[in-house]
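Hello,

Here is the structure for you to look over. Please open it alongside this note.

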Amino acid sequence: MYAGIKLCLSDYIYIKRGGLNMDMAERAEVIAGINDVRSRLFIAFDAFNNITDDALIDSCIYEIISLNERYRYFLRLAKEGGIKADGFEDRRR
């Protein structure tokens, strides 16, 4: 489906010391949530790009907006928990 795109972040994740008091199971849930939402976003964008019915296009837009908010939620939890993705730079500096 998406050749060359790695949907699983587990190879790139490491835990920074001093984050929230999250145990390993909670951190694993956050990482799994991020992976799940990312894969669902790829599917929603694919559907949006291939659908021609107006009602279904609106449905895809709402789903993408909802998934984006869920993704931001998991990213916030990851940041608060000290979970970092190795190999990515913070370009906001």
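What follows is a short account of what was found in it.

**Confidence and overall layout**

This is a predicted model. The chain has a mean pLDDT of 78, with 69% of its residues at 70 or more. Confidence varies by element: strand E1 (residues 13-15) has the lowest mean pLDDT, at 48, while H2 has the highest, at 94. Residues 1-18 have pLDDT below 50. Even so, that stretch makes 32 contacts in the model beyond near neighbours in sequence. Please read E1 with that in mind, given its mean pLDDT of 48.

The chain contains two helices and two strands. Starting at the N terminus, the order is β-α-α-β. There are 93 residues in the chain, and 23% of them are buried. The accessible surface is about 7100 Å², and carbon and sulfur atoms account for 52% of that. Of the contacts between residues at least 6 apart in sequence, 76% join residues at least 24 apart.

**Helix H1**

H1 covers residues 24-50. The helix has 27 residues and spans 39 Å from first C-alpha to last. That is close to the 39 Å expected at 1.5 Å a residue.

Its buried residues include Val 30, Ile 31, Ile 34, Val 37 and Leu 41. Polar and charged names are on the list as well: Arg 27, Asn 35 and Arg 38 are among the buried residues of H1. Gly 33 and Ala 44 are buried too. Glu 29, also in H1, is exposed, with a relative accessible area of 57%.

**Where H1 and H2 meet**

Two pairs relate the helices. Glu 29 and Phe 74 lie 45 residues apart in sequence, yet their C-alpha atoms are 9.4 Å apart. Arg 70 and Arg 38 are 32 residues apart in sequence and 9.8 Å apart in space, again C-alpha to C-alpha.

Arg 70 sits in helix H2. Which residues does Arg 70 contact, leaving aside neighbours within four places in sequence? They are Val 37 and Arg 40. Val 37 is one of the buried residues of H1. Arg 40 is partly exposed, at 35% relative accessible area. Arg 70 is partly exposed as well, at 43%.

**Salt bridges**

Side chains of opposite charge can pair when their charged atoms come close. How many salt bridges does a search of the whole structure find? The search finds three.

- Asp 36 with Arg 40: the closest N and O atoms are 3.3 Å apart. The two residues are four apart in helix H1, so about one helical turn separates them. Asp 36 is partly exposed, at 36% relative accessibility.
- Arg 76 with Glu 80: the closest N and O atoms are 3.4 Å apart. These are four residues apart in helix H2, so again about one helical turn lies between them. Arg 76 is partly exposed at 42%, and Glu 80 is partly exposed at 36%.
- Arg 72 with Glu 69: the closest N and O atoms are 3.9 Å apart. The spacing is three residues in helix H2, so about one helical turn separates this pair. Arg 72 counts as exposed, at 57%, whereas Glu 69 counts as partly exposed, at 46%.

Arg 40 therefore appears twice in this note: it bridges to Asp 36, being about one helical turn away, and it is in contact with Arg 70.

**A nonpolar patch on the surface**

Phe 48, Ile 61, Tyr 62 and Ile 65 make up a nonpolar patch on the surface. Together they have about 390 Å² of accessible area. Which element gives the most to the patch? Helix H2 (residues 54-80) does, with three residues.

Ile 61 is one of the patch residues and is found in H2. Why does Ile 61 qualify on accessibility? Patch residues need over 30% relative accessible area, and Ile 61 has 33%, so Ile 61 passes that cut-off. At that value Ile 61 is partly exposed.

**In brief**

H2 has the highest mean pLDDT of the elements and gives the most to the nonpolar patch. Residues 1-18 are the stretch to treat with caution, with pLDDT below 50.

Best wishes

How values were computed
Residues are numbered from 1 along each chain as its sequence is written. This is a predicted model: local features need pLDDT of at least 70, side-chain atom pairs count only at pLDDT 80 or more; totals for chains, interfaces and linings use all residues. Side-chain values use heavy atoms; hydrogens and water are left out. Patches are made of residues with over 30% relative accessible area and no salt bridge: like charges are joined within 9 Å, nonpolar side chains (Val, Leu, Ile, Met, Phe, Trp, Tyr) within 5 Å. Accessible areas come from the Shrake-Rupley method with a 1.4 Å probe; for residues, only the protein chains shown count as cover. A salt bridge is a side-chain nitrogen of Lys or Arg within 4 Å of a carboxyl oxygen of Asp or Glu. Buried means under 20% relative accessible area, exposed over 50%, partly exposed in between (1.4 Å probe, protein chains only). pLDDT is the predictor's confidence in each residue, from 0 to 100. Contact means heavy atoms within 4.5 Å. The expected span of a helix is 1.5 Å times one less than its number of residues.
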